[in-house]
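Student: I would like to learn how to read helices and their packing. Could you walk me through a case?

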Amino acid sequence: MGFFEGNRLDGNEFEDTSVDMEEIDSFPVFKSAVISIVQQTLAPIDLVLSVVLSVVSLVCQYLIDVRRPWGSLGPVSLMIFSIALSGERKTAIEDIAVKALRAFEKKRKLSDSQKIREWSVLLELWERQKKKIQKKMLDESLTLSSYKQLESDLLVHAKSEPTRPPMFKMTHQDVTWAALSKALAQDCPSAALFTSEGDIALRGVFNQVGMMNALWSGSGLEVGRAYSGDFSLTDVRFSIGIGVQPRVFEEYLERKGELGKASGFFARSLIFYPESTQGTRFIEGKVQVDLSRYEKRIEELLEENVKKFDARDASKLVVGFSVEASEELIWIHNKIEKEMRVGGGYERARDHASKLVENISRVAALLHFFESGGAEISLSELSSAEKIVMGCSVMYKRLFSFSPQVVTDAEALISWLQSRCDSPLFRRTKRNDVLQRGPAALRRATRLNRAVDYLVEKGLVKEVAYGRVAEIELI
């Protein structure tokens with residue numbers, strides 16, 4: 001049994017994490033776009049929502065920052081992973097959701113390419129003049145004063161080197177970390193990694209999870225590479241919207257999962273893993289799809305991005321919270337903080353829990369600004385954002401609270417318990433008995449504790465205590 005098979009929702013073991021569309025009534029343009037794409041593709045709602053949210057993150061991240069009630073100010077960029085089987089129409093969703101963005105980029109590329117061609121000509125002329133001066137300096141008959149004059153001419157000429165015009169390119173797909181960092185430094189400082197073929201990204205750029213974390217936090221980054229030069233990534237904004245198949249993601253976790261988890265990379269991410277709609281996608285007639293409001297808003301925001309890009313204006317509108325929303329966000333923060341205590345729901349996912357309020361505030365600010373362009377998030381908007389992020393949090397805990405080794409240990413433990421407790425009247429086993437006589441791998445308390453936690457989470461066992469005697473009971 002694979003890791004995802006052991007962690008995926010199969011029935012009613014856990015609460016449903018899918019988004020109820022009524023929960024995002026506060027964002028009518030966003031909601032309408034999601035519904036329209038669902039109707040057109042018949043794909044899972046959460047899968048569509050994740051892709052559209054990625055687009056919103058990209059087109060808004062360079063325009064706004066979010067300020068939380070306690071004063072912290074930061075970026076709104078998101079890192080989104082959508083895990084879905086082949087055939088769930090990830091590519092079709094992306095093509096529709098990103099259509100306006102790619103059309104805008106294509107149009108802008110035509111004018112940028114002309115500027116690059118003009119710069120190339122000027123650079124060639126500049127290089128010729130440089131070589132001309134250098135050739136004169138090789139003349140052995142030159143007097144010292146003439147040589148000094150040529151040196152001076154060369155230095156003056158160096159200062160007149162034509163500057164390469166920056167390219168407005170916000171979306172990247174198959175890109176190395178070196179190429180990405182160079183593009184962020186020299187071209188557009190706001191970008192996203194968008195791909196429905198996440199295996200490419202997982203094999204490449206995601207090997208630099210620490211640098212991804214720095215970009216997410218907006219803290220800035222100094223990049224030094226012998227082959228690509230040094231870059232200062234200050235005040236850049238970077239989002240991720242990745243679609244990946246479960247098996248591909250599982251293989252990545254087996255190779256790099258512990259690094260990604262230990263570094264806090266996945267803790268910062270929003271993980272969507274929707275139920276498949278394959279087998280239910282029946283066509284019942286022509287569907288009326290209207291994405292006009294969504295695409296119009298995308299184009300408006302892209303125009304704002306271009307205006308700031310051309311002016312090299314890094315200033316951002318600060319989006320905050322209304323009084324009611326501020327009080328609610330503080331309450332949410334304290335509720336999550338309480339669950340990080342021993343015995344709490346986030347005891348074993350504290351790194352993830354510590355990022356939840358930040359992600360909630362980012363999603364709230366993004367969707368609020370996308371809808372209205374305003375600077376104050378309402379209580380209803382915050383509540384909608386909370387539901388989206390907390391649904392992803394449930395999925396994170398299912399996938400990342402337990403490593404593949406824990407799943408293997410849990411399988412061994414449940415098999416041992418079932419063989420031992422073969423009578424309806426004998427369903428309990430002392431924990432110490434497992435440590436002394438159980439599977440060899442589980443005769444260490446740390447391994448046993450994690451396996452028991454996993455089985456409790458799956459609803460297969462429960463823990464019972466009589467005084468100081470701890471027992472494990474089959475359900």
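Tutor: Gladly, starting with helix H2, residues 28-41 (helices are DSSP runs of H or I, at least four residues, numbered from the N terminus). The expected span is 1.5 Å times one less than the number of residues, so the 14 residues of H2 should span 20 Å, and its end C-alpha atoms are indeed 20 Å apart. This is a predicted model, where local features need pLDDT of at least 70 and side-chain atom pairs 80 or more, while totals for chains, interfaces and linings use all residues. Residues are numbered from 1 along each chain as its sequence is written, and side-chain values use heavy atoms, leaving out hydrogens and water.

Student: Which residues of H2 are buried, and which helices do they pack against?

Tutor: Buried means under 20% relative accessible area with a 1.4 Å probe, protein chains only. In H2 the buried residues include Val29, Phe30, Ala33 and Ile37. The buried residues of H2 pack, by contact (heavy atoms within 4.5 Å), against helices H3 (45-61), H4 (90-97), H11 (292-311) and H13 (350-372). Just after H2, Leu42 has a positive phi of about 60°.

Student: What does Phe30 touch?

Tutor: Leaving aside residues up to four places away in sequence, Phe30 touches Ile24, Leu49, Val52, Leu53, Val56, Leu367, Phe370 and Glu371.

Student: How do H5 and H6 cross?

Tutor: Two packed helices are described by the angle and the distance between their axes. The axes of H5 (residues 99-137) and H6 (residues 144-159) come within 10 Å and cross at roughly 165°. The two helices are therefore roughly antiparallel (angles over 145 degrees).

Technical notes
Buried means under 20% relative accessible area, exposed over 50%, partly exposed in between (1.4 Å probe, protein chains only). Axes are lines fitted to C-alpha atoms, for helices over the stretch in contact, and angles run from 0 to 180 degrees between N-to-C directions. Angles under 35 degrees count as roughly parallel, over 145 as roughly antiparallel, 65 to 115 as roughly perpendicular and the rest as oblique.
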